Amino acid sequence: MRLKRLEISGFKSFAKKSVILFEAPISAIVGPNGSGKSNVAESIRFALGEQSIKSLRGKRGEDLIWNGSKTTPRSNLGSVSLVFDNTKKIFEYDYDEISLRRDVHRDGINEYFINNSQVRLKDIHELLSRVNIGASSHHIISQGEADRVLSANPKERRAMVEEALGLKIYQWKIAESEKKLDKTEENIKQVESLRKEIAPHIKFLKKQVEKIEQGKAMQDELGSLYAEYLKKEEGYLKRKKTEIESRKKPLQEELKSLEKSLEEARRKISESATKNEKGGALVELEKNIEKARQKRDEIGRRLGRIEGMIELEEKRLQKSGDKGEERKTVPLAEISAFASELDNLLNEAHKTEDISFVRDTIKKIKELVRGLISKSEKGAEMKDEIETAIKNLKSEKSTLEKELAEVSEEEKKLEALYRAIRGEIEAEKDSSRDTEKEIFKMMGKKAEISASLSSIGSNEELLLREEEIFKEEIKEGGVLVGRSILNYREYILEVSFEAESREIQGERRKKIEKIKIRLEDLDGGGEDVLKEYQEVFERDKFLENELQDLESGKESLKSLIAELAVKLDHDFKEGVNKINSQFQDFFALMFGGGEASLSLVAEKKKKKSDYSLEMEDYDAIDENEDIEEGIEINISLPRKKIRGLQMLSGGERALTSIALIFALSQVNPPPFLVLDETDAALDEANSRKYGDMLENLSKHSQLIVITHNRETMSRAGILYGITMGQDAASKLLSVKFDEAVEIAK
Ligand code: ATP
């Protein structure tokens with residue numbers, strides 16, 4: 001790679017555009033004091049992204065822009081381009097030339113360009129660190145800065161050495177990875193706290209879901225119990241019905257024909273009724289008895305119905321009683337819904353400063369509390385309603401019972417009278433009474449049949465009641481089991497109802513009741529809960545996976561950092577050894593002997609990450625105990641007993657630092673090296689040695705020297721003279737050696 005040219009315009013003393021071509025391994029820039037030579041070195045640093053305005057000898061960005069003179073107006077833009085040859089594709093770009101440009105505007109804004117495309121400063125840094133050039137680094141030695149490497153502290157020195165060795169890229173990667181690590185740890189904490197937040201909700205929902213599942217199992221059990229129960233019950237009721245029908249029908253038919261015969265007989269009697277008062281009275285009595293009997297039957301039936309209703313209501317009362325009690329305590333699910341609603345409202349209110357919002361919230365809370373209380377009262381209200389109904393039914397029952405007693409009494413009286421008259425008639429042993437006798441017989445028979453029918457009637461009533469209970473059961477069961485309850489007929493019975501006693505069916509019914517109560521008590525919530533649980537569960541699972549990813553990301557970052565640290569440490573130590581051997585050589589050359597070396601010294605450091613540590617040790621080290629290795633310079637001059645740097649003369653300091661700078665450059669040669677009057681303090685003999693070293697160095701790095709030194713000038717392949725005219729702007733011209741010597745004066 002080669003630095004091809006530098007274009008300066010509007011930067012510092014360069015009012016107009018000046019182009020310096022670096023066409024030789026050593027280019028020298030010469031000129032009188034104050035002509036703008038150092039501005040050239042600074043323009044290079046500026047283009048490379050130097051951020052310290054102070055180090056460019058300014059206070060603000062504006063100070064870097066041509067400020068105008070009496071004859072030339074000031075510029076609004078300072079611009080420097082540094083152009084590299086890239087035919088060997090050392091920069092990872094597919095161009096033969098790479099130009100880095102930086103503009104500074106009067107408002108202090110800086111813009112960066114690579115081949116005229118605007119980029120970020122970061123991109124410039126990254127590009128340069130890959131080719132071993134840093135902004136404020138070792139390879140631009142500013143005027144008077146030659147001994148910067150000597151005056152720096154061990155830690156700063158280490159940084160310089162690291163940069164010279166091209167290790168900045170590792171540090172940069174380590175810093176990036178550490179940033180990522182911090183971010184990852186932060187994310188881990190966030191995800192963990194999110195999981196912690198939803199954990200109680202999941203636990204609650206899980207319990208609800210368990211209840212729902214338990215409920216479902218109970219529902220299934222109830223469903224099959226119901227199916228068996230209903231199928232058997234239906235069979236039983238049907239059989240009972242046909243039994244009743246088959247008993248009732250012949251009796252009804254017999255009754256019908258009896259009534260017909262009676263009618264006939266009565267007609268006969270009534271024909272002779274006028275001559276027979278007793279017979280007429282008897283017919284009349286008979287009619288009344290019939291009426292009384294019918295009335296009694298009717299009342300009996302009504303009584304039966306009412307008893308059935310009372311039974312049903314009492315069952316309801318018992319149930320509502322159970323519920324009523326439960327309501328008073330209010331089920332847990334409702335309490336927890338109430339509590340979470342209350343919590344929400346209070347949280348909202350807590351957050352706000354708005355008093356009217358707080359009032360609103362209080363109103364809402366009141367309603368919420370009222371709602372809860374009314375929920376607990378509803379059960380009691382229902383209970384009252386049923387109790388009133390039962391009371392009414394019972395009083396109706398007792399009225400009917402009274403009526404029944406009265407009508408039975410009446411019937412008995414009529415029958416007694418009837419028997420008396422009949423006795424009298426029979427005693428008369430009159431042949432004309434044959435028909436009447438017939439009637440007596442038929443009446444007796446009829447009474448018998450009626451009695452049988454009445455008993456069948458009450459059986460029928462009973463059956464009706466049982467049928468009602470059956471229907472009610474389907475309805476009730478349907479609420480808990482669902483429509484599938486209607487499929488009970490498809491249930492395959494192992495034992496038919498005929499083969500089983502009614503008690504077993506009774507037991508079954510009791511079992512059904514028990515499950516129903518337990519099911520009603522369960523109350524786990526509906527499909528919503530299942531859906532919510534599924535959602536929350538999946539979210540938690542997602543977070544868990546994310547956490548795993550983050551943890552493994554964290555581990556790989558840690559091991560990457562450790563690997564980089566090991567690599568850095570290794571390359572650093574190896575680099576220092578190489579520098580040392582060069583340093584020793586240059587030093588001995590400059591001083592005609594003596595010893596010079598760099599050594600690592602331990603320093604305590606506050607920040608974490610000591611690059612020399614192994615992965616396992618990385619976490620174990622207390623931050624304050626971290627040891628950082630700085631660099632110390634050890635020298636001993638030939639024939640002199642001087643050991644410390646501070647004891648050196650100005651010239652000796654210059655020689656030492658030159659030896660070190662050159663050693664650094666030799667180990668990992670930078671693409672170019674700018675030396676701004678580094679040779680200022682050298683005497684003639686040393687100037688020659690310096691010149692030799694320059695030529696040596698120029699084999700690996702392009703050199704740009706700013707100098708007043710004749711010897712140095714003589715080594716340059718190309719010479720530029722800088723002068724400053726009346727307009728106070730720097731002027732650049734290519735000169736011959738003799739001209740250069742002249743200009744430099
Ligand atoms: P020496 O040989 O004494 O070190 P030099 O040749 O290195 O001198 P520089 O320090 O590069 O000289 O240049 C300094 C000159 O640049 C001064 O005359 C200064 O006024 C001028 N200068 C610096 N900044 C600006 C600016 N913004 N506008 C105009 N001139 C400027």
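**Exercise 1. Place Glu-264 in this predicted model: which helix holds Glu-264, and is Glu-264 buried or exposed, or in between?**

Step 1. Glu-264 belongs to helix H5, which covers residues 168-271.

Step 2. The relative accessible area of Glu-264 is 39%. Buried means under 20% and exposed means over 50%. Glu-264 is therefore partly exposed.

Step 3. Now take Ile-439. In sequence, 175 residues separate Glu-264 and Ile-439. In space, the C-alpha to C-alpha separation is 9.7 Å.

**Exercise 2. Work out how helices H11 and H13 are oriented to each other.**

Step 1. Identify the pair. H11 spans residues 527-591, and H13 spans residues 650-667.

Step 2. Read the geometry. The helices pack at an angle of about 140°, and their axes are 8 Å apart.

Step 3. Classify the angle. Roughly antiparallel requires over 145 degrees, and roughly perpendicular covers 65 to 115. H11 and H13 are therefore oblique to each other.

Step 4. Add the handedness. The crossing of H11 past H13 is right-handed.

Step 5. Look at the contact. H11 contributes residues including Phe-583, Phe-586 and Phe-587, while H13 contributes residues including Leu-655, Ile-658 and Phe-662. The contact residues comprise 14 nonpolar, 4 polar and 2 charged.

**Exercise 3. Describe strand S2: which side chains point to which face, and how does S2 run against S1?**

Step 1. Start from the rule. Side chains in a regular strand alternate between the two faces of the sheet.

Step 2. Apply it to S2, residues 18-21. Ser-18 and Ile-20 point to one face and are buried. Val-19 and Leu-21 point to the other and are not buried.

Step 3. Find the pairing. S1, residues 2-9, runs antiparallel to S2, with 4 bridges joining them. Leu-21 in S2 is the bridge partner of Arg-5.

Note on methods
Residues are numbered from 1 along each chain as its sequence is written. This is a predicted model: local features need pLDDT of at least 70, side-chain atom pairs count only at pLDDT 80 or more; totals for chains, interfaces and linings use all residues. Side-chain values use heavy atoms; hydrogens and water are left out. Helices (H or I, at least four residues) and strands (E, at least two) are DSSP runs, numbered from the N terminus. Buried means under 20% relative accessible area, exposed over 50%, partly exposed in between (1.4 Å probe, protein chains only). Axes are lines fitted to C-alpha atoms, for helices over the stretch in contact, and angles run from 0 to 180 degrees between N-to-C directions. Angles under 35 degrees count as roughly parallel, over 145 as roughly antiparallel, 65 to 115 as roughly perpendicular and the rest as oblique. A crossing is left-handed if the near helix is turned anticlockwise from the far one by less than a right angle, and right-handed if clockwise. Contact means heavy atoms within 4.5 Å. Ala, Val, Leu, Ile, Met, Phe, Trp, Tyr, Cys and Pro count as nonpolar, Asp, Glu, Lys and Arg as charged, and the others, Gly among them, as polar. Two strands pair if DSSP finds at least two bridges between them.
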